[in-house]
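Biologist: I am new to reading models. Could you walk me through the features on this one?

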Amino acid sequence: MNAKPALISAQALVGAGLIDAEAAKQAESVGRHYAIRVTPAMAALIDSYGEPIKKQFLPDISELTQMPEELSDPIGDDAHSPTPGLVHRYPDRVLLKPISVCPVYCRYCFRRETVGSAPAMKPTEISDAVAYIANHPEIWEVVLTGGDPLMLKPPSLARIIKQLEVISHVKILRIHTRVPIADPDRVSPELVAAVKGTGRLSSYVAIHCNHASELTEAAVKAAALFADAGIPLLGQSVLLAGVNAEIGPLEDLMRALVASRIRPYYLHHLDLAPGTARFRVDISVGQELMKALRGRVSGLCQPTYVLDVPGGYGKSPLTPSYVQASEKGNWVISDPFGQEHRYPPPVAGLVDD
Ligand SMILES: *Cc1c(COP(=O)(O)O)cnc(C)c1O
Ligand code: SF4
């Protein structure tokens, strides 16, 4: 465990030299609406890397200005919650949110109205959620999210996973976390063993990381504890102005993830959470970046660029298009270097039905 405590107030940020007394007043008013938490590991990164890390974790007065298009529940969790703490949007998978605490509070958080303030699920609510999953044979995968499920103590996490393991139709357990990055010391052999359970479920760990510098030696070691235990690692990043929305930093991030055995999964376009406008870029910017990545880096380094459609309509890929229908059934395909090529339709009469 960390010797130093996390910084959870404007005063603590001043004490650590991260903000000055002037900024502290504003940070205090932001802190009344949205929780503040910066781990010693992330505070050290702010010292060495500056803006791209600072912007993710240090409160800013603009957070108190909500744009008309911003929503308190941008991805519509509430609209698809059959029982508290559970979200069932897609037939074959559910989100289970056992706790709402995180190791850090990201200033662009999509669940910022609840994360850091809502209570943890009560044991009876966990049982209700487990009963719902058991009663829905179409549920193949359970995604633990929150908050950050790896903030649970290993025995508490193990207890939840044990309840899922006995539901025979559940095959996959996915855990979304920022702990290996933000508080790597928390990743212990006990925690990894809890995630693995008896092995009855195939466990995946999806790690939230937005800048190559977040993959410190300690973070890479923490991630490796999961990978060495046979748990595949996925990367999740959010496209953020001032953090990674340029080709250099984005390329470095994807390469650093893959080099750490974390396979990029999603690059999220920013959700419309309140007070996050300073992070938002246009979708066309994200599409140009995806095109640039395609030409420059290995296929292993290509995440899917997605948007959680505001209002709870699910995730849609925002992938730039490389193909267009053309005359006489032909297709026109753009290569990653910008040239166009023709691809023909199937040959009539020669294809089996
Ligand atoms: C994002 C999300 C999932 C997981 O979606 P994948 O595309 O499988 O990663 C599942 N349920 C809800 C409600 C979600 O928002
Ligand atoms: S780790 Fe995820 S849930 Fe937690 S504050 Fe950051 S974005 Fe929100």
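Modeller: We will go through salt bridges, a buried charge, and then the spaces in the protein.
This is a predicted model, where local features need pLDDT of at least 70, side-chain atom pairs count only at pLDDT 80 or more, and totals for chains, interfaces and linings use all residues. Residues are numbered from 1 along each chain as its sequence is written, chains are lettered from A and ligands numbered from 1 in the order in which they are written, and side-chain values use heavy atoms, with hydrogens and water left out.

Biologist: How many salt bridges are there?

Modeller: Side chains of opposite charge can pair when their charged atoms come close. A salt bridge is a side-chain nitrogen of Lys or Arg within 4 Å of a carboxyl oxygen of Asp or Glu. By this rule there are 17 salt bridges. One joins Glu69 and Arg280, at 3.2 Å from N to O. Glu69 sits in the loop between helix H4 (51-57) and S1, and Arg280 in the loop between S7 and helix H11 (283-296), so the pair ties together parts that are 211 residues apart in sequence. Helices (H or I, at least four residues) and strands (E, at least two) are DSSP runs, numbered from the N terminus.

Biologist: Is Glu69 buried or exposed?

Modeller: Buried means under 20% relative accessible area, exposed over 50%, and partly exposed in between (1.4 Å probe, protein chains only). Glu69 is partly exposed, at 35%. Arg280 is partly exposed too, at 28%.

Biologist: Which residue does Arg178 form a salt bridge with?

Modeller: Arg178 pairs with Glu214, and their closest N and O atoms are 3.0 Å apart. Arg178 lies in the loop between S4 and helix H7 (179-182), Glu214 in the loop between strand S5 (202-208) and helix H9 (217-228), so the pair ties together parts that are 36 residues apart in sequence. Arg178 is buried at 4% relative accessible area, and Glu214 is buried at 0%. Elsewhere, a network of salt bridges links Glu63, Arg107, Arg112 and Arg278.

Biologist: What does the side chain of Asp148 make a polar contact with?

Modeller: A polar contact is a pair of N or O atoms within 3.5 Å; within protein, one must be able to donate a hydrogen and the other to accept it, and residues adjacent in sequence count only if both atoms are side-chain atoms. The side chain of Asp148 contacts that of Thr177 at 2.8 Å. A polar atom of the Asp148 side chain also lies 2.6 Å from the backbone nitrogen of Arg178. Asp148 is buried but has no salt bridge; Arg178, its nearest side chain of opposite charge, is 7.4 Å away. For charge, Lys and Arg count as positive and Asp and Glu as negative; His and the chain ends are not counted.

Biologist: Which residues line the largest cavity?

Modeller: On a 1 Å grid over the protein atoms alone, a cavity is a set of points where a 1.4 Å probe fits but cannot get out; a pocket is an open set with protein on both sides within 12 Å along at least five of seven lines; lining residues have an atom within 4 Å of a point. The cavity lining is Tyr34, Ala35, Tyr105, Cys106, Arg107, Cys109, Arg112 and Val115. Arg107 and Arg112 also belong to the salt-bridge network.

Biologist: Which residues are closest to the centre of the largest pocket?

Modeller: They are Phe110, Arg111, Thr145, His176 and Gln236, out of 43 lining residues.
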